[in-house]
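Thanks for coming. I will take the internal cavities first and then one patch on the surface.

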Amino acid sequence: MSADISALDGATGQTRTPHHPRFAVGVLAFCGVVVAVMQTIVVPLLPHIPALTGATPTAASWLVTVTLLTGAVFTPVLGRVGDMYGKRRVLVASLAVLVMGSVLCAVSSHIGVLITGRALQGAALAVVPLGISILRDELPPERVLSAVALMSSTLGIGAAVGLPVAALVVENFDWHTMFWVSGAIGIVDIVLVLCCVPESPLRTRGRFDAVGALGLSAALVCLLLAVTQGADWGWTSTRTVGLLVAAVVVALLWGAYELRVPTPMVDLRVSARPAVLLTNLAALLIGFAFYANSLVTAQMVQEPKATGYGLGASLVVSGLCLLPGGVAMVALSPVSARISATYGPKVSLALAAGIIAVGYAVRYFTSHSLWLIIAGATVVASGTAIAYSALPALVMRGVPVSETGAANGLNTLMRSIGQAFCSATVAAVLANITFQAGGRTAPTLHAYQVVFVIAAGAALLALAVTLLLPGSRTPGTGTVGEDRKDRKDRKDRKGGARTNLIEEGA
């Protein structure tokens, strides 16, 4: 919260001293990294899960799939709940769910319990859009862009850090250890949030749209199940086609319902604005382009030397290949904020999409050297850092303050859908363009190059979509008079919110 505004504690009705915003930014960013790490820590473990638990490889794959499903469902829903009932309150609840999921995974080797725990961990992905919403509410306009850039980049930073850390744990400790550690860090996160992050008094009025939340959840589950399981079930199988048809039908019915209710789960009229619609489409394409980098890098360097291109690297080395990209994302988030402040987030996103495409061009021609592979992966990660920093700024300029949580949740959802489509595409390409090497079936070098071309194409499509975005001022980047008006409007809203809380307490 900015230093000249006191807030009213919703539980006691007493004014409280505002928290220092610098601490809030650091704490929320740390929470985002932890949640993003949780999404990736089981990836190095997947080949070993059947032997460790007695589960089938198909069942083991659900340790990743279920987090994708629950993250996609709960991110927009909890964003909306946060807008209505308190963002910090919902953020703390999300972290508590992450801790519960970590403990379940830590105490059991039963695949059913592990899948349940991973489902709970996936629900915590809502922490990132909730954190972005809190920062928008609490910081002065001139600090919003840099803080939001850092918060949004935590999704990529956590993914880059999670793989090598998990690989180190798997190779040197009991595999349950990483879940005990994640649970402990989750508890630390909760304490830090309660101590350092204020609860915004801003609220969206109205009743929570439970029917809309269920409809959106049903459509997402049908779509993502079909996309993630289509390769195993068959893309023309009854289950896959049936789920895709169900997703379309449910989505149409849900959309018709949302247009009729006074406080919808997703305001489709706002979402249909070109500034919001095109930003969400760009988010889907960027999510696709980014995820290919994470999926293929570790696998490619682990391929045996008998393939002619593989390096036979260990699990830890393959995970460390992504670490320089994570460092680059930390370093570039403030750079992206400065670009957005000077030229606008549209320019930042266009630049980012171009950098990602260049990164894949580098990867296409340098697939035999470890250091050049790392360089190409780092270029892609650098572009992703700038893109992930620009996307929330583009969303926030197109939606009212009262809908920030839901809007950023929807944008994060679009990135997740892009990642799901990327996962299915990469799996299909690597499974179908193969040859015999060293007595085993392996993807050819051409298969990986096809992935790079597809990912670069997604980045170029994101660039084209970005160029179609309407230009407009971002809060904190306009004239002094405009920024002063932003501050005054926000203070007026907070003053009204405090008055409402006082009246309710009376």
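The largest cavity here has a volume of about 110 Å³. Keep in mind that this is a predicted model. Which residues are the closest to the centre of that cavity? They are Val266, Asp267, Ser271, Glu403 and Ala407, out of 13 that line the cavity. Elements giving two or more residues to this lining are α11 (268-271), α12 (274-302) and α17 (404-432). Of these, α17 gives the most, with three residues. By class, the lining divides into eight nonpolar, two polar and three charged residues.

In total, the count comes to four cavities of 30 Å³ or more. The second largest has a volume of about 60 Å³. Its lining includes Gly156, Ala159 and Ala160, along with Phe290, Asn293 and Ser294. Leu322, Gly325, Gly326, Met329 and Ala381 also line this second cavity. At least two lining residues come from each of α7 (141-172), α12 and α14 (323-343). Here the split is six nonpolar and five polar, with no charged residues. So α12 turns up in both linings, with two or more residues in the largest cavity and at least two in the second largest, by the helix assignment used here.

Now the surface. Phe30, Val181, Ile185 and Val188 make a nonpolar patch of about 290 Å². Helix α8, residues 177-196, gives the most to this patch, with three residues. Val188 lies in that helix. Why is Val188 classed as partly exposed? Because its relative accessible area is 43%, and partly exposed covers the range between under 20% for buried and over 50% for exposed.

Conventions:
Residues numbered from 1 in each chain as written. Predicted model: local features only at pLDDT ≥ 70, side-chain atom pairs only at ≥ 80, totals over all residues. Heavy atoms only, no water. Patch = residues over 30% accessible without salt bridge, like charges linked within 9 Å, V, L, I, M, F, W, Y side chains within 5 Å. Areas by Shrake-Rupley, 256 points an atom, 1.4 Å probe, with all protein chains shown as cover. Salt bridge = Lys/Arg side-chain N within 4 Å of Asp/Glu carboxyl O. Helix = DSSP H or I, 4+ residues; strand = E, 2+ residues; numbered from the N terminus. Buried < 20%, exposed > 50% of the residue type's maximum accessible area, 1.4 Å probe, protein only. 1 Å grid on protein atoms, 1.4 Å probe; cavity = no way out; pocket = protein on both sides within 12 Å on 5 of 7 lines; lining within 4 Å. Points joined across faces, edges and corners; volume = space filled by probe spheres on them. Nonpolar A, V, L, I, M, F, W, Y, C, P; charged D, E, K, R; others polar.
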